[in-house]
Every structure is written in C-alpha cells, then in structure tokens.
Amino acid sequence: MKSPKITVFMAAYNVSAYIEESISSILNQTFKDFEFIIIDDGSTDDTALVVKKFSDSRIIFIQNDGNKGLPFTRNRLLELARGEYIAILDSDDIAYPERLQLQLSFFSSHPEVALCGGHGKIINEDGIEHEKKIIVPTNDLISMHMLFGNPFINSSTMFKTQIFRELNGYRNFALAEDFDLFIRISEKYTIANIDAFLVKYRIHGQNITIKRSEDQEQNESEILKYLQQTLGMAFNINTLKMHKELLTNQIDETHFFAYFELLVNMKIANLESNRFNIIKMNRFLFNKWYEIIRSKKSNVKALNWYFKKELYSMEYFNFKQFRKIFKSSLRGLIN
C-alpha cells in the first residue's frame with residue numbers, strides 16, 4: 001500500500017460537541033493525500049459515536065483502553081504514522097481548507113525546516129469568531145522566542161515524521177508536552193511559522209489548556225530548567241522563578257531588577273555557549289527588556305532602565321521605542 005504524504009493526527013477526549021466540525025475541516029482540505037488518525041482517549045460521552053458516523057476511508061479510528069493522557073496517546077504515532085509529515089489538529093479546533101497544502105508547499109520550498117505552524121483565529125464554543133487573533137512570530141528568531149513561551153499553536157503544527165521518531169516523540173510533560181517537543185526539535189533543526197491563518201482555535205470552558213494544574217506548573221519548571229541548561233546557565237531557584245513569571249506573563253513590577261539580571265545572565269551564558277547567534281540574541285534580549293519595562297505604563301525609572309548598558313547598545317536605538325519610554329517616565333514623574 002502506498003504511504004500517504006501526510007498523517008493528520010487528532011487526540012480526542014469528551015469532545016462530542018465539537019469533534020464533528022473538526023473532522024470535517026480535515027476531510028474538506030484542498031490537499032487530499034493523507035491518512036487521518038483519530039484516537040479516542042477513553043471518552044465517557046458520545047465522542048466515539050460521532051467519529052463513527054464518518055465513512056471516509058482515510059480515517060483510522062482507534063480507542064485507548066481507558067484514559068491514558070495526551071503524551072501516551074500522541075506517542076502512538078511513533079508506530080502508527082505512515083506519512084512523511086505529521087499534522088496536528090486538536091479535536092475542538094478547525095483547520096482552514098488550504099492549511100495542509102500551504103504547509104506542504106512551505107516544506108517543499110524550505111527543505112531545511114523540520115517544524116512549521118501558523119496564525120490562528122479565536123472562536124468561542126459556538127464557533128463565532130472573536131476579534132482577537134493569535135499572531136505567532138514568523139521571523140528567524142522563533143527558537144529564541146521559545147525562551148519565554150511557546151511560539152506555536154499546537155493545532156497548526158506540522159513536522160517531519162522521521163525527526164519525530166528520532167527524538168522518540170513526546171516526553172511525559174502533561175499539558176506542556178508539545179512545547180517540550182518543539183524545543184527539542186529547535187535544538188537540532190530549523191523551525192518556522194507561515195505568515196498565514198491555518199486554524200480556528202476554540203476557547204471554551206472545557207479546554208484543558210486553560211485549566212492549570214500542579215503537574216503543569218511542575219512540568220513548565222522542568223522545561224525552563226532544561227532551557228537554561230542548554231543555554232549554559234547555572235541553576236538558581238530564584239532565577240527559575242523569575243523566568244517562569246515571564247513565561248506565564250505574570251510580570252510583577254517589584255521584580256524588574258530580577259528580570260533584568262535574568263536577561264543579563266542569559267546574554268552572558270549565550271556568549272559562552274554560542275547557543276544562539278550572538279548579535280541576534282543580544283538584540284532579542286534587549287527587546288524583551290523593553291517589553292518588560294513597557295508593561296508598567298507609568299514608571300519614573302523607565303528611561304534609566306531602557307539605557308542600562310548591560311543590555312542596551314547604541315545600534316538598538318529606536319525613536320518610537322524611546323518616545324514610549326519617555327512618556328512612561330513622564331507619567332511616573334507626574335503621578
């Protein structure tokens with residue numbers, strides 16, 4: 001039997017209200033040469049009944065013996081996937097009709113890329129689009145963006161099956177296993193995002209990604225420790241705590257100096273390890289520092305912070321940035 005070009009994968013758990021639309025969005029793709037593996041992870045609602053209503057021969061429906069969790073379910077791809085590429089779609093999201101074709105064309109013209117994703121539009125539980133969109137970075141700094149968050153929408157990602165197997169799939173980092181996989185891919189290969197909307201990302205009360213848990217907190221900490229280690233940083237519990245605040249966007253203005261020290265330590269570590277291009281990394285860290293300063297709209301110390309020589313360089317000067325920082329300092333003086 002001829003292998004399909006793409007393996008589309010969907011893990012499902014108690015999503016009977018949404019999965020029909022998600023499945024249809026794949027079956028209606030403009031690119032047709034794919035297999036569609038759907039694994040039901042022990043659902044207790046009518047998810048399986050909804051899936052079984054479809055008669056498309058490209059669908060391979062498998063049911064786990066009980067609820068095994070996402071890392072286990074996704075790693076079944078290590079044996080099952082026959083496509084050259086694996087495309088992920090979560091069971092409550094919707095793929096745009098040209099999603100697979102756009103990504104396949106991108107891989108064809110960028111053979112060095114191992115993983116790619118794209119932008120997403122947010123929809124509510126009724127499928128109504130929200131004005132807010134998820135715009136992912138599309139420049140060549142995506143690996144650096146991973147230091148402070150996942151620059152991919154999981155439902156938009158496609159990656160090479162061979163590399164997925166080379167890395168032995170997902171590790172047991174529940175609710176963060178995709179982020180961990182993308183980090184490990186980025187360490188050895190080029191990653192990218194397409195400047196196009198590939199999926200509609202559904203926000204609803206049952207999203208596991210918005211239900212934070214102690215396990216997720218611990219897994220994020222382990223991932224950050226790993227990131228710092230690969231950058232060449234020595235472990236420090238307070239540095240890890242500050243890093244996590246930036247990762248989760250829980251910025252505390254009383255911690256500004258600690259954030260500054262974290263970024264300086266990252267800069268120094270990268271100078272020694274050469275993990276990232278030094279010139280690009282230094283500018284990236286300065287721009288991150290600018291974002292942190294800007295998070296407080298009224299800050300009498302903003303100008304002083306902005307020109308801190310440990311991160312600032314004359315070549316980074318941007319009048320638009322300077323004007324915003326100046327206004328922030330002015331508001332701090334007035335207030």
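**Reading the terms on a predicted model**

Mentor: Let us start with S221, which lies in helix α9. Keep in mind that this is a predicted model.

Trainee: Why is S221 called buried?

Mentor: The relative accessibility of S221 is 14%. Buried means under 20%, so S221 with its 14% counts as buried.

Trainee: Which residues does S221 touch, leaving out those up to four places away in sequence?

Mentor: S221 touches L240 and K244. Both L240 and K244 are among the buried residues of α10.

Trainee: What makes α10 a mostly covered helix?

Mentor: Of the 11 residues in α10, 8 are buried. They are T239, L240, M242, H243, K244, E245, L246 and L247. Each of these has a relative accessible area under 20%, because that is what buried means. The buried residues of α10 pack against α8, α9, α11 and α12 (278-294).

Trainee: How do you know that N236 caps the N-terminal end of α10?

Mentor: A side-chain oxygen of N236 lies 2.9 Å from the backbone nitrogen of N238. The cut-off for a polar contact is 3.5 Å, and the 2.9 Å found here is within it. After α10 comes N249, with a positive phi near 60 degrees.

Trainee: Where does T254 lie, and is T254 buried or exposed?

Mentor: T254 lies in the loop between α10 (237-247) and α11 (256-273). Its relative accessibility is 63%. Exposed means over 50%, so T254 counts as exposed.

Trainee: What makes the pairing of T254 and D252 a polar contact?

Mentor: Their side chains are joined at 2.7 Å. That value is within the 3.5 Å cut-off, so the name polar contact fits.

Trainee: On to charges! Why can side chains pair in this way?

Mentor: Side chains of opposite charge can pair when their charged atoms come close. In this structure, the search finds 19 salt bridges.

Trainee: Why is the pair of E84 and K5 called a salt bridge?

Mentor: The closest N and O atoms of E84 and K5 are 2.6 Å apart. A salt bridge needs them within 4 Å, so this pair qualifies. The two residues belong to distant parts of the chain: E84 is in the loop between α4 (77-80) and β4 (85-88), K5 is in the segment before β1 (6-12), and 79 residues separate them.

Trainee: What makes E84 and K5 partly exposed?

Mentor: E84 has a relative accessibility of 42%, and K5 has 29%. Partly exposed covers the range between 20% and 50%, so both values belong there.

Trainee: How do you know that E21 and R202 form a salt bridge?

Mentor: Their side chains meet at 3.2 Å, N to O. That is within 4 Å, so the pair counts. E21 is in helix α1 (residues 19-27) and R202 is in strand β9 (residues 190-202), so the salt bridge ties together parts 181 residues apart in sequence.

Trainee: Which of these two residues is buried, and which is partly exposed?

Mentor: R202 has a relative accessibility of 1%, which is under 20%, so R202 is buried. E21 comes out at 43%, so E21 is partly exposed.

Trainee: What about D180 and R171: why do they count as a salt bridge?

Mentor: The closest N and O atoms of D180 and R171 are 2.7 Å apart, which is within 4 Å, so they count. D180 is buried at 1%, whereas R171 is partly exposed at 31%. Salt bridges also link R74, D90 and E177 in a network.

Trainee: Last topic: empty space. Why is the space of about 60 Å³ called a cavity?

Mentor: A cavity is a place where a 1.4 Å probe fits but cannot get out. The count comes to 1 cavity of 30 Å³ or more, and the volume of the largest cavity is about 60 Å³. Its lining includes I183, L227 and F276. Helices α8 (177-188) and α9 (214-231) each supply at least two of the lining residues.

Trainee: And what lines the second largest pocket?

Mentor: Among its lining residues are D140, M144, R275 and K280. Helix α6 (residues 142-145) gives the most to this lining, with 3 residues. The lining divides into 4 nonpolar, 3 polar and 3 charged residues, and the pocket holds about 150 Å³ of space.

Methods. Residues are numbered from 1 along each chain as its sequence is written. This is a predicted model: local features need pLDDT of at least 70, side-chain atom pairs count only at pLDDT 80 or more; totals for chains, interfaces and linings use all residues. Side-chain values use heavy atoms; hydrogens and water are left out. Helices (H or I, at least four residues) and strands (E, at least two) are DSSP runs, numbered from the N terminus. Buried means under 20% relative accessible area, exposed over 50%, partly exposed in between (1.4 Å probe, protein chains only). On a 1 Å grid over the protein atoms alone, a cavity is a set of points where a 1.4 Å probe fits but cannot get out, and a pocket is an open set with protein on both sides within 12 Å along at least five of seven lines; lining residues have an atom within 4 Å of a point. Grid points are joined across faces, edges and corners, and a volume is the space filled by probe spheres set on the points. Ala, Val, Leu, Ile, Met, Phe, Trp, Tyr, Cys and Pro count as nonpolar, Asp, Glu, Lys and Arg as charged, and the others, Gly among them, as polar. Contact means heavy atoms within 4.5 Å. A polar contact is a pair of N or O atoms within 3.5 Å; within protein, one must be able to donate a hydrogen and the other to accept it, and residues adjacent in sequence count only if both atoms are side-chain atoms.
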